[in-house]
Amino acid sequence: VQLQASGGGLVQAGGSLRLSCQGSGSIGSINVMGWYRQAPGKQRELVATITTAGRANYADFVKGRFTISRDNAKNSWYLQMNSLKPEDTAKYYCNADLREAGRVYSRTYWGQGTLVTVSS
């Protein structure tokens, strides 16, 4: 099983980006999908999560600006980022609580990260 994040890039403050995460391999089910970020010199922090039922949870610093969504049929999820600020500059990682096909229990998987740079 692999998670592939994409969509990062350089954008001016106030701009928008859409990140995508694609799960591949022997996926049985994905329970919770999420996005985290890590800025240079800082710890990785939660950005947003979404459950199978579509219930979303956001960090306070992105509420009203970012929207997480998922496509269960495609094992994909997305992060629409609007009104970007320079402090949003970080490497963004997708993750999932995922059960491999044929296994009973799920575990956490991480994508490789995609860099978002917001210029002032």
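A disulfide is a pair of cysteine sulfur atoms within 2.5 Å. What you have here is a predicted model, where local features need pLDDT of at least 70, side-chain atom pairs count only at pLDDT 80 or more, and totals for chains, interfaces and linings use all residues. Residues are numbered from 1 along each chain as its sequence is written, and side-chain values use heavy atoms, with hydrogens and water left out.

Let's start with the cysteines. Searching the whole structure turns up one disulfide. Cysteine 21 and cysteine 94 form it, with their sulfur atoms 2.1 Å apart. The torsion about their S-S bond is about 55 degrees, so the disulfide is right-handed. This pair links distant parts of the chain, 73 residues apart. Strands are DSSP runs (E, at least two residues), numbered from the N terminus. Both cysteines are buried, meaning under 20% relative accessible area with a 1.4 Å probe, protein chains only.

| Cysteine | Strand | Strand residues |
|---|---|---|
| cysteine 21 | β3 | residues 17–24 |
| cysteine 94 | β9 | residues 90–100 |

Now for the sheet that holds β3. It's an open sheet of four strands, in the order β1-β3-β8-β7, with antiparallel pairing; two strands pair if DSSP finds at least two bridges between them. β1 (2–6) and β7 (66–71) stand at the edges with a single partner strand each, so one side of each has no neighbour in the sheet. On average, neighbouring strands of this sheet are turned by 15 degrees against each other, direction ignored, going by lines fitted to C-alpha atoms, with angles from 0 to 180 degrees between N-to-C directions. β1 and β3 run antiparallel and are joined by five bridges. Glutamine 2 has serine 24 in β3 as its bridge partner.

Notes:
Buried means under 20% relative accessible area, exposed over 50%, partly exposed in between (1.4 Å probe, protein chains only).
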